[in-house]
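Here is a friendly walk through one protein chain, meant to be read with the structure open beside you. Take a moment to turn the view around before reading on.

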Amino acid sequence: MTQGSIWRQLVGFSVPMAIGLLFQQLYNTVDTIVVGQFVSTQALAAVGSTSSIINMLVGLSAGLSTGASVIISQCYGAHDHRSLHDAVHTTITATFVMSVLCTFLGILIVEPMLAMMSTPPDVMGEARTYLTIYFAGISGLFVYNMGSGILRAVGDSKRPLYFLLFSAVINTAFDLLFVIVFHMGVDGVAYATILAQFLSALLVLFVLTHDHTPYGIRWRDLRLSRGMLRRILAIGLPSGVQQAITSFSNVFVQSYINFFGSACMAGWSSYNKLDSYITVPLQAIALASTTFVGQNYGSNNLERTRKGVNQALGMSLVVTAALGVLVMIFSRPCLRLFTADAEVMEYGTRFIMIISPFYIMSCFNQIYAGALRGVGNANIPMIVMLGSFVVFRQVYLLVNRIAFDNSFLGVSLAYPMGWVVCSVLMVFFYRRSLRRAQNAPSN
């Protein structure tokens, strides 16, 4: 990524990644569709409302993956094969350790977290079941994400996509088999998900093991290099903590949604699945920009780095705005994929119409945060996002509850208002960082 057409490289890198993210979202979406159509509204609410709890631990893994990807891309851009080898093997070793710890931690927090969300009694049992099974098999997701992050850091976004396509098809087949044929309900979709994730993890490990390059895995070399681990954690830990705490705060947001009952929970769950697809291109472009910035910063090409960030922002604004308009136009047909319940669809439509116009605000905070992480500055994105998505959002919701009796419109605007605040702050800090870099040509 250190030479050639910038926009072509961003598109060429982000499109396969976007397709991969789409199919990764398909795991939980298929679960939601199957339980919504073939089980019950309560099952739909149970599966959909647990994402904030799952993302608490997944966020820690994603943060480590971000840190590893930045360090690996910088080593790769600088042609430092020794450091690249150490970074890869430290990353894989740390992933195995984190998988064990998060499996046990996840199972332990299921009950208290569901209680903290004020989960209604008619949803509690199935939510508990889904989460317990999911956390029992979460190591497959961790290993796949980390292995894919290694491949993407060196510019390979295609092979992770192929593995994910395969496992997504397997997940869909298992969902239908376990729920429709074996009548396993929520248990069935949970088992289908973790089995598919394990398959994708095995595939990515197989490729890295048989790849005779400086970033290939040599099992005898697996170890935690203290120096390399410190470098990875310096970038990854702030990002992981930010994502985990943000997800934890979203547990409280979910409790405000749960206040309106299981139909609203199911409507929110359906909307969230659409939301996860709308933001996929943005996430892919942001991840591509992080790798792009990491490689060019590693090769000391600051002007190309700046141009890449600007082009990534422009691409994300166009695509995100177009998708936001489309989902507003086709809101009801999209929601019908998950449920035919009129009340659930009414809630889902209201969420879409209120939130969708604000999607473009996310482009600024995601692209600029990715750029700052790419140069190794993970603290600013962490602080800004924690302040916007956690502190501001919780204060906002508390004011809405006290002053406006927990109004539906106020709750619905909690996420958009956080995006606005975060984007304003991120633009400020990115421009300040840019000015400092331009005034320090020796770097």
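Met361 is partly exposed, with a relative accessible area of 22% in this predicted model. That value sits between the two cut-offs, under 20% for buried and over 50% for exposed. You will find Met361 in helix α15, which runs through residues 359–374. Leaving aside residues up to four places away in sequence, Met361 touches Trp419, Val420 and Ser423. A further link to that stretch of sequence is Pro416: 55 residues separate Met361 from Pro416 along the chain, and their C-alpha atoms are separated by 8.1 Å.

**The chain as a whole**

Stepping back, the protein chain has 18 helices and 0 strands. Its radius of gyration is 21 Å, close to the 22 Å from the globule rule for 443 residues, so the chain is as compact as a globular protein of that length. If you line up the view with the principal axes, the C-alpha trace spans about 60 × 45 × 35 Å.

How much of the chain counts as buried? Of the 443 residues, the share is 58%. The protein chain exposes about 17,400 Å², and carbon and sulfur atoms supply 67% of that area. Contacts reach across the sequence as well: among those between residues at least 6 apart, 83% join residues at least 24 apart.

**Two neighbours in a loop**

Next, please look at the loop between α16 (379–404) and α17 (408–412), where Asp405 is placed. Asn406 is in the loop between α16 and α17 too. Most residues other than glycine have a negative phi. Asp405, however, has a positive phi, near 55 degrees, and the phi of Asn406 is likewise positive and near 55 degrees.

Are these residues buried or exposed? Asp405 is exposed, with a relative accessible area of 64%, whereas Asn406 counts as buried at 6%. The cut-offs behind these words are over 50% for exposed and under 20% for buried.

**Sequence distance and distance in space**

Three more residues are handy landmarks for comparing separation along the chain with separation in space. Arg82 belongs to helix α4, residues 81–116, and is exposed, with a relative accessible area of 53%. Phe104 lies in helix α4 and counts as exposed at 59% relative accessibility. Ala168 is found in helix α7 and is buried, with a relative accessible area of 3%.

The table pairs each of these residues, and Met361, with a partner elsewhere in the sequence.

| Pair | Separation in sequence | C-alpha to C-alpha distance |
|---|---|---|
| Met361 and Pro416 | 55 residues | 8.1 Å |
| Arg82 and Tyr215 | 133 residues | 9.6 Å |
| Phe104 and Pro16 | 88 residues | 33 Å |
| Ala168 and Ser299 | 131 residues | 37 Å |

Two of the rows are worth reading side by side. Arg82 and Tyr215 are 133 residues apart in sequence and 9.6 Å apart in space. Ala168 and Ser299 are 131 residues apart in sequence, but their C-alpha atoms are 37 Å apart.

**An enclosed space**

Rolling a probe the size of a water molecule over the atoms shows where empty space is left. The structure holds 2 cavities of 30 Å³ or more. Let us visit the second largest cavity, which has a volume of about 40 Å³.

Which residues line the second largest cavity? They are Pro16, Met17, Gly20, Tyr144, Arg152, Ser157, Pro160 and Leu161. One of them, Pro16, is also the partner of Phe104 in the table, with 33 Å between their C-alpha atoms.

Three helices each supply at least two residues of this lining: α1 (6–38), α6 (139–153) and α7 (158–181). Which helix gives the largest share? That is α1, with 3 residues. Helix α7 also holds the buried Ala168.

By residue type, the lining of the second largest cavity divides into 5 nonpolar, 2 polar and 1 charged. To see this for yourself, try colouring the lining residues by type and following α1, α6 and α7 around the cavity.

Conventions. Residues are numbered from 1 along each chain as its sequence is written. This is a predicted model: local features need pLDDT of at least 70, side-chain atom pairs count only at pLDDT 80 or more; totals for chains, interfaces and linings use all residues. Side-chain values use heavy atoms; hydrogens and water are left out. On a 1 Å grid over the protein atoms alone, a cavity is a set of points where a 1.4 Å probe fits but cannot get out, and a pocket is an open set with protein on both sides within 12 Å along at least five of seven lines; lining residues have an atom within 4 Å of a point. Grid points are joined across faces, edges and corners, and a volume is the space filled by probe spheres set on the points. Helices (H or I, at least four residues) and strands (E, at least two) are DSSP runs, numbered from the N terminus. Ala, Val, Leu, Ile, Met, Phe, Trp, Tyr, Cys and Pro count as nonpolar, Asp, Glu, Lys and Arg as charged, and the others, Gly among them, as polar. The radius of gyration is taken over C-alpha atoms; the globule rule is 2.2 Å times the number of residues to the power 0.38. Buried means under 20% relative accessible area, exposed over 50%, partly exposed in between (1.4 Å probe, protein chains only). Contact means heavy atoms within 4.5 Å. Accessible areas come from the Shrake-Rupley method with a 1.4 Å probe; for residues, only the protein chains shown count as cover.
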